[in-house]
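Got the viewer open? Load the model, switch on a cartoon, and let's walk through it one selection at a time.

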Amino acid sequence: MFKLLKKTFAVCMIGFGLGMLFVLLLPICGWLFIIGVIVIIVGLIWLSC
């Protein structure tokens, strides 16, 4: 049960990061872009555990 919840949370993090990137690529803001990339990377790492 916890493993399923963990994977769901990781996928949500990846989706949130991608959403941030797509929204924020219109007005290019460097630090917000970096935060989006970090969220995606953390989600992928969490998913692979």
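Start with a surface selection: pick F9, F33, I34, I38, V42 and W46, which together make a nonpolar patch of about 530 Å². Keep in mind as you click around that this is a predicted model. Now colour by helix: α2 supplies the largest share of that patch, with five residues. I34, for one, sits in helix α2.

Next, select residues 30-48, the full run of helix α2. Zoom out for a moment and you'll see the whole fold: two helices and zero strands.

Stay on α2 and pick G43, which belongs to that helix. Is G43 buried or exposed? Its relative accessible area is 0%, and because buried means under 20%, G43 counts as buried.

So what does G43 touch beyond its neighbours within four places in sequence? Show A10, M13 and I14: G43 is in contact with these residues. Then add K7 and draw a distance between the C-alpha atoms of K7 and G43; you should get 8.9 Å, although the two residues are 36 apart along the chain.

That pairing leads on to the chain as a whole. Take the contacts between residues at least 6 apart in sequence: 53% of them join residues at least 24 apart.

Last stop, the full surface. The chain exposes about 3800 Å², and carbon and sulfur atoms supply 87% of that area. Colour by burial to finish: of the 49 residues, 22% count as buried, and G43 is one of the buried residues.

Definitions and conventions: Residues are numbered from 1 along each chain as its sequence is written. This is a predicted model: local features need pLDDT of at least 70, side-chain atom pairs count only at pLDDT 80 or more; totals for chains, interfaces and linings use all residues. Side-chain values use heavy atoms; hydrogens and water are left out. Helices (H or I, at least four residues) and strands (E, at least two) are DSSP runs, numbered from the N terminus. Buried means under 20% relative accessible area, exposed over 50%, partly exposed in between (1.4 Å probe, protein chains only). Contact means heavy atoms within 4.5 Å. Accessible areas come from the Shrake-Rupley method with a 1.4 Å probe; for residues, only the protein chains shown count as cover. Patches are made of residues with over 30% relative accessible area and no salt bridge: like charges are joined within 9 Å, nonpolar side chains (Val, Leu, Ile, Met, Phe, Trp, Tyr) within 5 Å. A salt bridge is a side-chain nitrogen of Lys or Arg within 4 Å of a carboxyl oxygen of Asp or Glu.
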